Protein chains: 2
Amino acid sequence: MNLYIKRIKDLHSRLDTEILTALEEAFTDKRFEKGSYLLRPGQICTSHLLIKEGIARKFYIHQDREITTEIYFHDDVAISLDSYIMQNPGDIYIEALTELEVTVIDYSRFYSMKSKYPEVMMLDKMFIEYYAVWFEQQLRAFQTLNATQRYLKLLEKEPQVAQLLPVTIVASYLNISLETLSRIRSKVS
Amino acid sequence: MNLYIKRIKDLHSRLDTEILTALEEAFTDKRFEKGSYLLRPGQICTSHLLIKEGIARKFYIHQDREITTEIYFHDDVAISLDSYIMQNPGDIYIEALTELEVTVIDYSRFYSMKSKYPEVMMLDKMFIEYYAVWFEQQLRAFQTLNATQRYLKLLEKEPQVAQLLPVTIVASYLNISLETLSRIRSKVS
DNA sequence: AGTATTTTTTGACTTGCGTCAAATTTCCGG
DNA sequence: CCGGAAATTTGACGCAAGTCAAAAAATACT
């Protein structure tokens with residue numbers, strides 16, 4: 001777990017009980033079948049989706065090719081950021097890769113929580129800060145690393161992804177062809 | 001100007017005078033010579049740098065190669081996000097490409113403003129939201145577009161960059177070699 | 001203006017990775 | 001435990017874009 005996530009969790013754990021119980025009320029638990037979609041293109045993203053158990057991914061389609069942008073495990077938050085922020089229809093899929101248990105944090109309820117409690121606003125802001133920094137790092141990875149280096153980095157930083165998911169998805173996450181990923185794998189190991 | 005920036009400006013213009021004057025106090029104007037650095041690797045980013053006049057860029061060095069990540073014009077905000085957020089030393093340069101006039105928004109003063117006025121916190125949050133969405137779009141551009149397409153997109157979205165800056169910098173912004181950019185230019189026009 | 005220096009263009013060659021196609025392995029239902 | 005589908009690997013080949021090098025053009029310097 002990285003330093004910044006730790007800060008968010010610290011802040012969260014120091015919220016007083018009144019806020020915590022109020023927050024819980026904006027939460028709904030939900031289950032998804034393996035292979036089902038939590039979000040599809042054309043839909044407006046009206047919630048944060050906190051993964052309780054299982055694996056999910058976010059992807060978009062470009063010229064008939066799926067490009068996976070994020071892979072979610074326990075405690076990750078799935079969201080289509082621009083759709084959520086602007087409350088406009090998005091163009092991404094969020095897919096359950098296994099059977100999934102999710103806590104749904106509703107947009108409007110969360111919004112009123114933020115207005116009422118500055119601490120919650122702070123928490124949300126930290127979440128987005130973290131997300132922005134993560135994007136910046138991803139961008140840098142694509143600018144500086146070749147296919148093999150990106151794969152090695154993935155092995156180091158997110159070993160579960162490389163181990164648990166089929167080549168097709170891992171390749172689309174690294175933005176390389178599955179053949180290339182297969183070749184890299186045989187060289188590396 | 002995009003829709004989201006418009007929202008931020010709207011919110012800003014609706015702040016009441018008390019807050020506005022308090023905000024102004026956290027601002028300091030500063031000038032930079034062409035070629036000088038507003039931030040260097042190893043330094044902690046202790047402010048937002050609002051560009052009043054001139055052009056600046058952010059870049060980092062990877063294997064002796066400069067990679068430009070952002071180019072700033074009037075009303076843009078230059079910041080090293082992770083350094084600012086964590087108040088850790090960063091690894092990026094912010095360079096004045098022309099003579100520059102900047103409004104410096106001090107970290108700690110801005111921080112206390114945010115604690116005091118929820119509206120200011122909101123404004124800051126919107127800034128980061130916008131930044132995160134921008135990063136996400138950049139990432140997608142690198143994942144889906146080839147060198148020529150990225151250049152054409154740049155011409156469309158940020159024509160000043162392509163027109164005003166030397167090939168070296170434009171190429172490092174598009175993350176291609178200057179030779180390739182030169183070839184693209186001769187083909188396109 | 002004339003030379004030096006930087007910037008941009010052009011050319012020849014190399015290479016990482018994509019595509020298409022076929023072979024092989026893994027997975028699974030009956 | 002076997003046959004068929006899906007996933008993965010392997011091979012042959014092409015191309016976008018990088019590198020190195022030199023020419024040409026633009027800019028700066030005295």
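How many salt bridges are there between chain B and chain A? The count is 6, where a salt bridge is a side-chain nitrogen of Lys or Arg within 4 Å of a carboxyl oxygen of Asp or Glu.

This is a predicted model, in which local features need pLDDT of at least 70 and side-chain atom pairs count only at pLDDT 80 or more, while totals for chains, interfaces and linings use all residues. Residues are numbered from 1 along each chain as its sequence is written, chains are lettered from A and ligands numbered from 1 in the order in which they are written, and side-chain values use heavy atoms, with hydrogens and water left out.

**View 1. Chain B meets chain A.** The contact (heavy atoms within 4.5 Å) takes 34 residues from chain B and 34 residues from chain A. The buried area is about 3500 Å². That is the accessible area, found with a 1.4 Å probe, that two parts lose on being put together, summed over both. Carbon and sulfur atoms give 66% of the buried area.

**View 2. Salt bridges and polar contacts between the chains.** Lys125(A) and Asp124(B) join their side chains in a salt bridge, with 3.0 Å from N to O. Between chain B and chain A, 9 residue pairs are in polar contact, both at pLDDT 80 or more. A polar contact is a pair of N or O atoms within 3.5 Å; within protein, one must be able to donate a hydrogen and the other to accept it, and residues adjacent in sequence count only if both atoms are side-chain atoms.

**View 3. The side of chain B that touches chain A.** Elements of chain B that give two or more residues here include helix H1 (3-13), strand S4 (56-62) and helix H5 (118-144). Helices (H or I, at least four residues) and strands (E, at least two) are DSSP runs, numbered from the N terminus. H5(B) gives the most, with 16 residues. By class, this side has 17 nonpolar, 6 polar and 11 charged residues. Ala, Val, Leu, Ile, Met, Phe, Trp, Tyr, Cys and Pro count as nonpolar, Asp, Glu, Lys and Arg as charged, and the others, Gly among them, as polar.

**View 4. The surface near DNA strand C.** Around this strand are 15 residues; among those that come nearest are Ala147(A), Thr180(A) and Arg183(B). Here, near means that a heavy atom of the residue lies within 4 Å of the strand. Sugar or phosphate makes up 58% of the strand C atoms within 4 Å of the protein, and bases make up the rest. The side chain of Ser177(A) has an N or O atom 3.0 Å from a phosphate oxygen. Two side chains reach base nitrogens of strand C: Glu179(A) has a polar atom at 3.2 Å, and Arg183(B) has one at 2.9 Å. H9(B) provides the largest share of this surface, 4 residues.

**View 5. The surface near DNA strand D.** This strand has 15 residues around it, and the closest include Ser182(A), Asn146(B) and Thr180(B). Of the strand D atoms within 4 Å of the protein, 56% belong to sugar or phosphate, and the rest to bases. Backbone atoms meet phosphate oxygens here: Val167(A) has an N or O atom at 3.2 Å, and Ala147(B) has a polar atom at 2.8 Å. Glu179(B) has a side-chain N or O atom 3.2 Å from a base nitrogen. H9(A) gives the most to this surface, with 4 residues. The classes divide into 4 nonpolar, 7 polar and 4 charged.
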